[in-house]
Amino acid sequence: MVEAQEDFTQEREIKIIKGNVAAAYAAKSARVQVISAYPITPQTTVVEKLSEFADNGEMPGTQYIKVESEHSVMASIIGASTAGTRTFTATSGQGLFYMYEMVHWAAGARLPIVTTIASRGPAPPWNIWADFTDVISCRDTGWMISFASSHQEIYDDILMSYKICEDHEILLPKFVAYGGFTLSHTSKPVTIEDQDEVDDFLPPLPDERGWPHIFLDPERPMMHGNLIMPSGFYNEFRLKIHYTHTLAKQKIKDASAEFEKKFGRSYGNGLIEEYEMKDAQVAILNYGELAMQMEDAVDDLRNEGYKVGCVKLRYFRPFPVEDIIQIAKKVKVLGVADRATAFGSPTGGPVSSEVKAALYGSGVTTKILPIVMGLGGREVGLEQQKNQLKILIQLNETGVFPKDMIEGTLWDGLLEVE
Amino acid sequence: MNKVKWKNICEAKDKRPEVQEYKNWKELPPIPISLPIKGSIGTTGDWRTFKPIVDREICTKCGICWMYCPEGTIIRNDKGEFEVDYIYCKGCGICAKECPTKCIEMVRESEVNYG
């Protein structure tokens, strides 16, 4: 068992750092005890920075393990977490896909592992730039999935993640995703919080007895990961994971409120963040960094006299069904912009499909415009986002969907070479 | 058998119940676990295709079979002899493979002379 860190302290400090470095600082602030790492672009500098911290003696209570693949990363993290430690790792795109078998295992074993994903487009065609399809592919693994939309939010969300995941009523792993390069490799000021304050916010590190439901202890032997016959409780254990996701919604809101109280930074209600939604007639839902830029687009159109608003989706799993219904009720037209694909789904976009499913049967008649854009790091500029809002305004005024939609979805910003 | 709450699995070995009983999904612990109990998955001897038969005349009572048996189905009796618990032995054959004197023969169940 790793000794608790006692001799290292970090004072509150504002640093101009890359998104990946913010993730590394968050892991350090959370006093993670085991880090297992394998490099993959654009996540690499997360684990590079952490290895630097470990080498400098800035993380004296942390075991840093180098392994030969992402599959081994998650396997070793599962072992470490099973033994009762706070664990961290990071990956991207193809690396996450290689890790996939173990990703299911971590959730099934109910291990509170936190992993950051610097999201990148899946290959082929080979791609390393922002696209959330990688983390979305873990939709049904049982992991909680959140999106960070700013450098500060990467740091903050990782801290909140440990609080949520390690809650004894939750005990689930979580991905914190942010756009590759757009956030991972750009620099912004990030407040690194005082170590004592972070310690106070987070639950205490697990003691030598480990987690309440799973441990490796010769004095208390148990077998886990065992076979369940079809007549056994398999269905019921699956139900428990789903039910825990529904419980987690309130825990996420609570953690977000407590975070705001302690550190002064607010992320909406934790699940979604509304912007200029009070009198908005049309609105658009985004996630990740483009949700931040959309706030500027909304400001610009408000200056032009349009009543528009936007919503930032913070959590994809658990999906905030109730909040989505509430925001849809507020507006006449809701655009849902995906920087990810869900091939063959009702809309082609993962979140727009979920939004449509969430609204079915709720009595809400709001028009939904699914948008897919910015795949593989394709730039989505401010003007393009303003144009998206204008399309929604036009849809509200005329009731006619744009002509260039493809099978019910607006694939915005497709190349047209003359 | 007592109905137990899942938190009891945290207790030390001697305080834990031998068998956990759950009626529905709400009572279940977060993950399925097995506590050490003989034959928790049933009489696994039924799975056996080959039966290990020990030739007592050659056996030197060295205990290698007892050490290697992955299921703990080889038991040392009062005379110091090693016996197979056929209720649970799955017939994997590891004991026969490891036995230095080759006193254990794996015999197909259909060919075992029970006479």
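This passage describes how helix 6 of chain A packs against two other helices, and how helix 10 of chain A is buried, in a predicted model.

Helix 1 (residues 19-29) and helix 6 (residues 151-165) of chain A pack with their axes 8 Å apart, at an angle of about 25°. Because angles under 35 degrees count as roughly parallel, helix 1 of chain A is roughly parallel to helix 6 of chain A. Their crossing is right-handed. From helix 1 of chain A, the contact involves Gly19(A), Ala22(A), Ala23(A), Tyr25(A), Ala26(A), Ala27(A) and Ser29(A); from helix 6 of chain A, it involves His151(A), Ile154(A), Tyr155(A), Ile158(A) and Leu159(A). Nine residues of this contact are nonpolar and three are polar, with no charged residues.

Helix 6 of chain A also comes within 10 Å of helix 8 (residues 234-263) of chain A, axis to axis, and the two cross at roughly 130°. They are therefore oblique to each other, and the crossing is right-handed. Asp156(A), Met160(A), Lys163(A) and Ile164(A) of helix 6 meet Ala248(A), Lys251(A), Ile252(A), Ala255(A), Ser256(A) and Phe259(A) of helix 8. This contact comprises six nonpolar, one polar and three charged residues.

In helix 10 (residues 321-330) of chain A, the buried residues are Asp323(A), Ile324(A), Ile327(A) and Ala328(A). They span an arc of only 135° around the axis, and so lie on the same side of helix 10 of chain A. In an α-helix, residues three or four places apart point the same way, because there are 3.6 residues a turn. The elements covering the buried residues of helix 10 of chain A include strand 10 (272-275), strand 11 (282-286), strand 12 (308-313), strand 14 (333-338) and helix 11 (350-359) of chain A.

Terms used. Residues numbered from 1 in each chain as written. Chains lettered and ligands numbered in written order. Predicted model: local features only at pLDDT ≥ 70, side-chain atom pairs only at ≥ 80, totals over all residues. Axes fitted to C-alpha atoms, helices over the stretch in contact; angles between N-to-C directions. Helix = DSSP H or I, 4+ residues; strand = E, 2+ residues; numbered from the N terminus. Parallel < 35°, antiparallel > 145°, perpendicular 65-115°, else oblique. Left-handed = near helix turned anticlockwise from the far one by under 90°. Contact = placed C-beta atoms within 7 Å. Nonpolar A, V, L, I, M, F, W, Y, C, P; charged D, E, K, R; others polar. Buried ≥ 20, exposed ≤ 12 C-beta atoms within 10 Å, placed from the backbone. Arc of directions from axis to C-beta.
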